[in-house]
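This report describes the strand arrangement, one helix face and the cysteines of the model shown below.

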Amino acid sequence: MLTFLSSPKPFIGNDKENQYRAIRSWLVAVKGAEVILYGDSEGIEEAGRELNVSIVKNISSSPSGAPYFGAIAEHAGKHGKYDVQVYLNCDILLSGIYKASQVIQFDKFLFIGQRIDLFPGVIVDPHPDEYSHLVKKLFEKNQIKIHEATGIDYFMFTRNMWQGLSQIAIGRGGYDNALLSFCKQNRYPIIDGTLSVIALHQFHDYNHIHGKEEFVFYGSEARQNLLVAGRYSLLTVSDADYILDNYRLIYSACRRDYLRGIELKFRYIKKWQIASLLLRGIWRVLYAVKLVRKKEYKLDSLIETNHPIFTPDSQLVVTDDLTQVNAYF
(Lines give C-alpha, C1' and ligand atoms only; values in the text may rest on other atoms or scores of the structure.)
Protein backbone atom coordinates (compact mmCIF):
# COMPACT_ATOMS: atom_id res chain seq x y z
CA MET A 1 0.00 0.00 0.00
CA LEU A 2 0.97 3.65 -0.33
CA THR A 3 0.75 6.77 1.81
CA PHE A 4 0.03 9.90 -0.23
CA LEU A 5 1.21 13.25 1.11
CA SER A 6 0.27 16.72 -0.12
CA SER A 7 0.04 20.37 0.93
CA PRO A 8 -3.02 21.75 -0.86
CA LYS A 9 -3.88 25.24 -1.99
CA PRO A 10 -6.98 26.89 -0.46
CA PHE A 11 -10.08 24.88 -1.32
CA ILE A 12 -11.78 27.72 -3.16
CA GLY A 13 -13.45 27.81 -6.57
CA ASN A 14 -11.69 25.86 -9.32
CA ASP A 15 -8.84 24.91 -7.00
CA LYS A 16 -11.32 23.15 -4.71
CA GLU A 17 -12.76 21.14 -7.56
CA ASN A 18 -9.31 20.30 -8.98
CA GLN A 19 -7.99 19.17 -5.62
CA TYR A 20 -11.04 17.06 -4.78
CA ARG A 21 -10.70 15.30 -8.14
CA ALA A 22 -6.99 14.73 -7.55
CA ILE A 23 -7.39 13.28 -4.05
CA ARG A 24 -10.19 11.01 -5.18
CA SER A 25 -7.97 9.75 -8.02
CA TRP A 26 -5.30 8.71 -5.50
CA LEU A 27 -7.82 6.87 -3.34
CA VAL A 28 -9.22 5.03 -6.35
CA ALA A 29 -5.79 4.30 -7.88
CA VAL A 30 -4.60 2.48 -4.74
CA LYS A 31 -7.19 0.54 -2.78
CA GLY A 32 -6.65 1.12 0.93
CA ALA A 33 -4.30 4.07 0.36
CA GLU A 34 -3.65 6.56 3.13
CA VAL A 35 -3.83 10.28 2.33
CA ILE A 36 -2.41 12.97 4.62
CA LEU A 37 -2.96 16.66 3.82
CA TYR A 38 -0.61 19.19 5.44
CA GLY A 39 -0.99 22.86 6.22
CA ASP A 40 -3.70 25.28 7.20
CA SER A 41 -5.16 26.23 3.84
CA GLU A 42 -8.75 27.44 3.72
CA GLY A 43 -11.25 24.58 3.58
CA ILE A 44 -8.77 21.85 4.50
CA GLU A 45 -10.78 20.59 7.48
CA GLU A 46 -13.93 20.29 5.39
CA ALA A 47 -11.96 18.46 2.70
CA GLY A 48 -10.63 16.05 5.29
CA ARG A 49 -14.13 15.24 6.50
CA GLU A 50 -15.73 14.95 3.07
CA LEU A 51 -12.94 12.85 1.55
CA ASN A 52 -12.18 10.90 4.73
CA VAL A 53 -8.47 11.71 4.71
CA SER A 54 -6.11 12.83 7.47
CA ILE A 55 -5.23 16.46 8.17
CA VAL A 56 -2.07 17.81 9.85
CA LYS A 57 -2.43 21.57 10.25
CA ASN A 58 0.62 22.33 12.36
CA ILE A 59 3.68 21.75 10.20
CA SER A 60 6.91 23.74 9.94
CA SER A 61 6.56 26.20 7.07
CA SER A 62 8.31 29.02 5.26
CA PRO A 63 7.54 32.70 5.99
CA SER A 64 4.94 32.70 3.18
CA GLY A 65 3.26 29.58 4.56
CA ALA A 66 4.67 26.91 2.24
CA PRO A 67 5.38 23.74 4.26
CA TYR A 68 8.94 22.48 4.32
CA PHE A 69 9.35 19.14 2.56
CA GLY A 70 11.59 17.78 5.30
CA ALA A 71 8.97 18.50 7.96
CA ILE A 72 6.32 16.61 6.00
CA ALA A 73 8.67 13.70 5.33
CA GLU A 74 9.65 13.53 9.01
CA HIS A 75 6.03 13.47 10.17
CA ALA A 76 5.05 10.88 7.56
CA GLY A 77 8.09 8.79 8.49
CA LYS A 78 6.88 8.62 12.09
CA HIS A 79 3.13 8.47 11.62
CA GLY A 80 2.41 7.25 8.08
CA LYS A 81 0.91 3.78 7.74
CA TYR A 82 3.09 2.58 4.88
CA ASP A 83 6.81 2.42 4.16
CA VAL A 84 6.43 3.60 0.56
CA GLN A 85 5.16 7.17 0.41
CA VAL A 86 4.29 9.60 -2.37
CA TYR A 87 4.46 13.37 -2.06
CA LEU A 88 2.60 15.02 -4.92
CA ASN A 89 1.07 18.35 -5.82
CA CYS A 90 -2.61 18.45 -5.04
CA ASP A 91 -3.74 18.97 -8.63
CA ILE A 92 -2.33 15.73 -10.08
CA LEU A 93 -4.62 12.95 -11.36
CA LEU A 94 -2.62 9.76 -11.09
CA SER A 95 -2.70 6.29 -12.64
CA GLY A 96 -0.21 3.40 -12.51
CA ILE A 97 1.67 4.38 -9.37
CA TYR A 98 0.82 1.25 -7.39
CA LYS A 99 2.13 -1.13 -10.07
CA ALA A 100 5.30 0.93 -10.20
CA SER A 101 5.77 0.59 -6.44
CA GLN A 102 5.55 -3.20 -6.76
CA VAL A 103 8.40 -3.38 -9.26
CA ILE A 104 10.97 -1.26 -7.40
CA GLN A 105 12.99 -3.30 -4.91
CA PHE A 106 15.58 -0.77 -3.68
CA ASP A 107 15.66 -0.09 0.06
CA LYS A 108 15.85 3.64 -0.67
CA PHE A 109 14.92 5.31 -3.94
CA LEU A 110 13.26 8.33 -5.51
CA PHE A 111 10.66 7.70 -8.22
CA ILE A 112 9.63 10.67 -10.40
CA GLY A 113 8.27 11.35 -13.86
CA GLN A 114 7.11 13.91 -16.37
CA ARG A 115 3.53 15.02 -16.16
CA ILE A 116 0.99 15.62 -18.93
CA ASP A 117 -0.53 19.11 -18.83
CA LEU A 118 -4.23 19.63 -19.45
CA PHE A 119 -4.91 22.88 -21.29
CA PRO A 120 -6.96 25.62 -19.56
CA GLY A 121 -10.64 24.75 -19.38
CA VAL A 122 -10.11 21.00 -19.86
CA ILE A 123 -11.77 19.11 -17.01
CA VAL A 124 -11.55 15.32 -16.69
CA ASP A 125 -12.29 12.85 -13.90
CA PRO A 126 -11.39 9.43 -15.32
CA HIS A 127 -11.65 5.96 -13.87
CA PRO A 128 -8.18 4.34 -13.48
CA ASP A 129 -8.85 2.05 -16.47
CA GLU A 130 -9.68 5.02 -18.71
CA TYR A 131 -6.47 7.06 -18.52
CA SER A 132 -4.81 5.54 -21.58
CA HIS A 133 -7.84 6.03 -23.84
CA LEU A 134 -8.43 9.50 -22.40
CA VAL A 135 -4.91 10.71 -23.17
CA LYS A 136 -5.27 9.56 -26.78
CA LYS A 137 -8.58 11.42 -27.16
CA LEU A 138 -7.26 14.59 -25.56
CA PHE A 139 -4.18 14.48 -27.78
CA GLU A 140 -6.31 14.15 -30.89
CA LYS A 141 -8.25 17.24 -29.77
CA ASN A 142 -5.01 19.17 -29.04
CA GLN A 143 -5.94 19.60 -25.38
CA ILE A 144 -2.81 18.23 -23.70
CA LYS A 145 0.97 18.35 -23.93
CA ILE A 146 3.77 16.57 -22.12
CA HIS A 147 5.61 18.86 -19.72
CA GLU A 148 9.36 19.26 -20.03
CA ALA A 149 11.61 17.21 -17.76
CA THR A 150 12.30 20.32 -15.70
CA GLY A 151 9.01 20.23 -13.79
CA ILE A 152 8.30 17.40 -11.34
CA ASP A 153 4.97 17.02 -9.56
CA TYR A 154 5.16 13.63 -7.82
CA PHE A 155 7.86 11.91 -5.75
CA MET A 156 7.65 8.33 -4.50
CA PHE A 157 10.19 7.27 -1.89
CA THR A 158 10.74 5.09 1.15
CA ARG A 159 10.11 6.06 4.74
CA ASN A 160 12.82 7.96 6.64
CA MET A 161 15.30 8.58 3.80
CA TRP A 162 15.42 12.39 4.04
CA GLN A 163 17.46 12.87 7.24
CA GLY A 164 19.82 15.79 6.83
CA LEU A 165 17.78 17.51 4.13
CA SER A 166 18.02 21.30 4.21
CA GLN A 167 14.88 23.39 4.53
CA ILE A 168 13.12 23.27 1.17
CA ALA A 169 9.87 25.18 0.67
CA ILE A 170 7.36 23.10 -1.27
CA GLY A 171 5.78 24.70 -4.32
CA ARG A 172 8.57 27.21 -4.83
CA GLY A 173 11.06 27.24 -7.68
CA GLY A 174 13.89 24.75 -7.31
CA TYR A 175 12.31 22.52 -4.68
CA ASP A 176 12.07 19.52 -6.99
CA ASN A 177 15.65 20.02 -8.24
CA ALA A 178 16.86 20.20 -4.63
CA LEU A 179 15.28 16.82 -3.81
CA LEU A 180 17.06 15.23 -6.77
CA SER A 181 20.35 16.80 -5.72
CA PHE A 182 19.97 15.36 -2.21
CA CYS A 183 19.43 11.89 -3.66
CA LYS A 184 22.46 12.19 -5.95
CA GLN A 185 24.62 13.28 -3.02
CA ASN A 186 23.49 10.26 -1.01
CA ARG A 187 23.63 7.87 -4.01
CA TYR A 188 19.97 6.96 -3.75
CA PRO A 189 18.72 5.55 -7.08
CA ILE A 190 16.51 7.94 -9.03
CA ILE A 191 13.95 6.29 -11.31
CA ASP A 192 12.14 7.91 -14.24
CA GLY A 193 8.57 6.61 -14.37
CA THR A 194 7.29 8.70 -17.28
CA LEU A 195 6.73 5.59 -19.41
CA SER A 196 4.77 3.74 -16.72
CA VAL A 197 2.77 6.33 -14.77
CA ILE A 198 0.23 8.76 -16.22
CA ALA A 199 0.16 11.99 -14.22
CA LEU A 200 -2.36 14.52 -15.52
CA HIS A 201 -1.78 18.08 -14.34
CA GLN A 202 -4.91 20.21 -14.02
CA PHE A 203 -4.44 23.82 -15.05
CA HIS A 204 -4.25 26.45 -12.30
CA ASP A 205 -2.95 29.95 -11.69
CA TYR A 206 -0.97 31.39 -8.77
CA ASN A 207 -3.48 33.96 -7.55
CA HIS A 208 -3.60 32.35 -4.11
CA ILE A 209 0.02 33.44 -3.45
CA HIS A 210 1.06 37.00 -2.68
CA GLY A 211 3.38 37.98 -5.50
CA LYS A 212 1.86 35.27 -7.69
CA GLU A 213 4.04 33.46 -10.24
CA GLU A 214 6.98 35.85 -9.93
CA PHE A 215 7.34 35.13 -6.22
CA VAL A 216 6.87 31.38 -6.71
CA PHE A 217 9.76 31.05 -9.15
CA TYR A 218 12.00 34.05 -8.38
CA GLY A 219 11.25 35.09 -4.80
CA SER A 220 13.38 34.64 -1.68
CA GLU A 221 12.12 31.11 -0.97
CA ALA A 222 12.84 29.98 -4.52
CA ARG A 223 16.35 31.44 -4.25
CA GLN A 224 16.92 29.49 -1.03
CA ASN A 225 15.73 26.29 -2.70
CA LEU A 226 18.14 26.88 -5.57
CA LEU A 227 21.04 27.22 -3.14
CA VAL A 228 20.27 23.69 -1.97
CA ALA A 229 19.69 22.47 -5.54
CA GLY A 230 23.10 23.71 -6.66
CA ARG A 231 22.32 26.90 -8.60
CA TYR A 232 23.67 25.69 -11.94
CA SER A 233 23.05 22.67 -14.16
CA LEU A 234 19.94 21.74 -12.20
CA LEU A 235 18.88 18.11 -12.09
CA THR A 236 15.70 17.07 -13.92
CA VAL A 237 13.77 13.89 -14.65
CA SER A 238 16.14 13.17 -17.53
CA ASP A 239 19.02 12.75 -15.06
CA ALA A 240 17.49 9.63 -13.49
CA ASP A 241 19.61 6.50 -13.08
CA TYR A 242 16.87 4.11 -14.23
CA ILE A 243 13.82 4.14 -16.48
CA LEU A 244 10.67 2.21 -15.65
CA ASP A 245 9.31 1.38 -19.09
CA ASN A 246 5.96 -0.43 -18.97
CA TYR A 247 6.87 -1.52 -15.43
CA ARG A 248 10.25 -2.89 -16.53
CA LEU A 249 13.19 -1.46 -14.64
CA ILE A 250 16.01 -0.51 -17.03
CA TYR A 251 19.37 1.02 -16.16
CA SER A 252 19.76 4.06 -18.41
CA ALA A 253 21.63 6.84 -16.60
CA CYS A 254 20.77 10.34 -17.87
CA ARG A 255 18.77 8.69 -20.67
CA ARG A 256 22.11 7.48 -22.05
CA ASP A 257 23.55 10.98 -22.35
CA TYR A 258 27.08 9.86 -21.47
CA LEU A 259 28.65 13.32 -21.24
CA ARG A 260 25.95 14.42 -18.82
CA GLY A 261 26.49 11.25 -16.82
CA ILE A 262 30.21 11.96 -16.47
CA GLU A 263 29.46 15.55 -15.48
CA LEU A 264 27.19 14.40 -12.66
CA LYS A 265 29.71 11.79 -11.54
CA PHE A 266 32.37 14.48 -11.26
CA ARG A 267 29.96 16.75 -9.39
CA TYR A 268 28.34 14.37 -6.92
CA ILE A 269 30.72 11.45 -6.49
CA LYS A 270 34.20 12.80 -7.18
CA LYS A 271 33.34 16.30 -5.87
CA TRP A 272 35.30 17.81 -8.76
CA GLN A 273 33.23 20.96 -9.16
CA ILE A 274 35.52 22.74 -11.63
CA ALA A 275 35.73 19.66 -13.86
CA SER A 276 31.96 19.34 -13.69
CA LEU A 277 31.50 22.96 -14.75
CA LEU A 278 33.97 22.51 -17.59
CA LEU A 279 32.09 19.47 -18.90
CA ARG A 280 28.82 21.35 -18.67
CA GLY A 281 30.31 24.12 -20.77
CA ILE A 282 31.48 21.61 -23.35
CA TRP A 283 28.01 20.03 -23.39
CA ARG A 284 26.38 23.41 -24.01
CA VAL A 285 28.70 24.13 -26.93
CA LEU A 286 28.05 20.71 -28.47
CA TYR A 287 24.32 21.22 -27.99
CA ALA A 288 24.46 24.65 -29.61
CA VAL A 289 26.12 23.23 -32.72
CA LYS A 290 23.73 20.25 -32.66
CA LEU A 291 26.39 17.59 -32.10
CA VAL A 292 24.48 16.42 -29.03
CA ARG A 293 20.79 16.75 -28.27
CA LYS A 294 18.54 16.49 -25.28
CA LYS A 295 16.81 13.14 -25.12
CA GLU A 296 13.15 13.97 -24.66
CA TYR A 297 9.89 12.05 -24.75
CA LYS A 298 7.45 13.18 -27.40
CA LEU A 299 3.81 12.48 -26.72
CA ASP A 300 2.91 12.13 -30.38
CA SER A 301 5.61 9.48 -30.91
CA LEU A 302 4.53 7.50 -27.85
CA ILE A 303 0.91 7.50 -28.95
CA GLU A 304 1.55 6.83 -32.64
CA THR A 305 3.84 3.89 -31.87
CA ASN A 306 1.28 2.46 -29.41
CA HIS A 307 3.65 2.51 -26.49
CA PRO A 308 2.28 0.19 -23.77
CA ILE A 309 1.57 3.10 -21.39
CA PHE A 310 -1.24 4.02 -23.78
CA THR A 311 -2.28 0.41 -24.41
CA PRO A 312 -4.43 -0.95 -21.56
CA ASP A 313 -3.97 -4.31 -19.87
CA SER A 314 -0.18 -4.42 -20.19
CA GLN A 315 1.42 -7.29 -18.31
CA LEU A 316 3.73 -6.74 -15.36
CA VAL A 317 7.21 -7.80 -16.50
CA VAL A 318 10.68 -7.07 -15.11
CA THR A 319 13.62 -7.20 -17.55
CA ASP A 320 16.89 -5.45 -18.30
CA ASP A 321 16.25 -5.30 -22.05
CA LEU A 322 17.28 -1.91 -23.49
CA THR A 323 16.05 -2.31 -27.06
CA GLN A 324 12.47 -1.14 -26.76
CA VAL A 325 12.97 2.03 -24.75
CA ASN A 326 15.51 3.45 -27.18
CA ALA A 327 12.87 3.75 -29.90
CA TYR A 328 11.04 6.50 -28.03
CA PHE A 329 13.73 9.18 -27.82
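Which residue of strand 11 does Ile-116 stand opposite? Ile-116 stands opposite Leu-200. The structure is a predicted model, in which local features need pLDDT of at least 70, side-chain atom pairs count only at pLDDT 80 or more, and totals for chains, interfaces and linings use all residues. Residues are numbered from 1 along each chain as its sequence is written, and side-chain values use heavy atoms, with hydrogens and water left out.

**The four-strand sheet**

Helices (H or I, at least four residues) and strands (E, at least two) are DSSP runs, numbered from the N terminus. Two strands pair if DSSP finds at least two bridges between them. Strands 5, 11, 7 and 8 form an open sheet of four strands in the order 5-11-7-8, and the pairing is mixed. At its edges stand strand 5 (92-95) and strand 8 (144-146); each has a single partner strand, so one side of each is left without a neighbour in the sheet. From one strand to the next, the twist averages 25 degrees; axes are lines fitted to C-alpha atoms, for helices over the stretch in contact, and angles run from 0 to 180 degrees between N-to-C directions. Strand 7 (residues 116-118) pairs with strand 11 (residues 198-201) in the parallel sense over two bridges. Helix 5 (residues 131-140) packs on this sheet and touches strand 5, strand 7, strand 8 and strand 11, where contact means heavy atoms within 4.5 Å. The direction of helix 5 makes about 50 degrees with that of strand 11.

**The nine-strand sheet**

A sheet of nine strands is also open and mixed in pairing, with the order 3-2-1-4-9-6-10-12-13. Strand 3 (54-56) and strand 13 (248-251) are at the edges with a single partner strand each, so one side of each lacks a neighbour in the sheet. The twist here averages 25 degrees from one strand to the next. Strands of a sheet pair through backbone hydrogen bonds, either parallel or antiparallel. Three pairings are listed below.

| Strands | Sense | Bridges | Partner residues |
|---|---|---|---|
| Strand 2 (residues 34-38) and strand 3 | parallel | three bridges | Tyr-38 and Val-56 |
| Strand 1 (residues 3-6) and strand 4 | parallel | three bridges | Leu-5 and Tyr-87 |
| Strand 4 and strand 9 (residues 154-158) | antiparallel | five bridges | Val-84 and Thr-158 |

Strand 4 (residues 84-88) is mostly covered, five of its five residues being buried; buried means under 20% relative accessible area, exposed over 50%, and partly exposed in between (1.4 Å probe, protein chains only). Val-84, Val-86 and Leu-88 point one way from strand 4, while Gln-85 and Tyr-87 point the other way.

**Helix 8**

In helix 8 (residues 220-229), the buried residues are Glu-221, Ala-222, Asn-225, Val-228 and Ala-229. Seen down the helix axis, these buried residues fall within an arc of 115 degrees, so they line one face of helix 8; the arc is that of the directions from the helix axis to the C-beta atoms. Gly-230 follows helix 8 and has a positive phi, near 115 degrees.

**Cysteines**

How many disulfides does the structure hold? The structure holds zero disulfides, a disulfide being a pair of cysteine sulfur atoms within 2.5 Å. For Cys-254, the closest cysteine sulfur is in Cys-183, 14 Å away and too far for a bond. Cys-254 is buried, with a relative accessible area of 5%. Cys-90 also counts as buried, at 4% relative accessibility.
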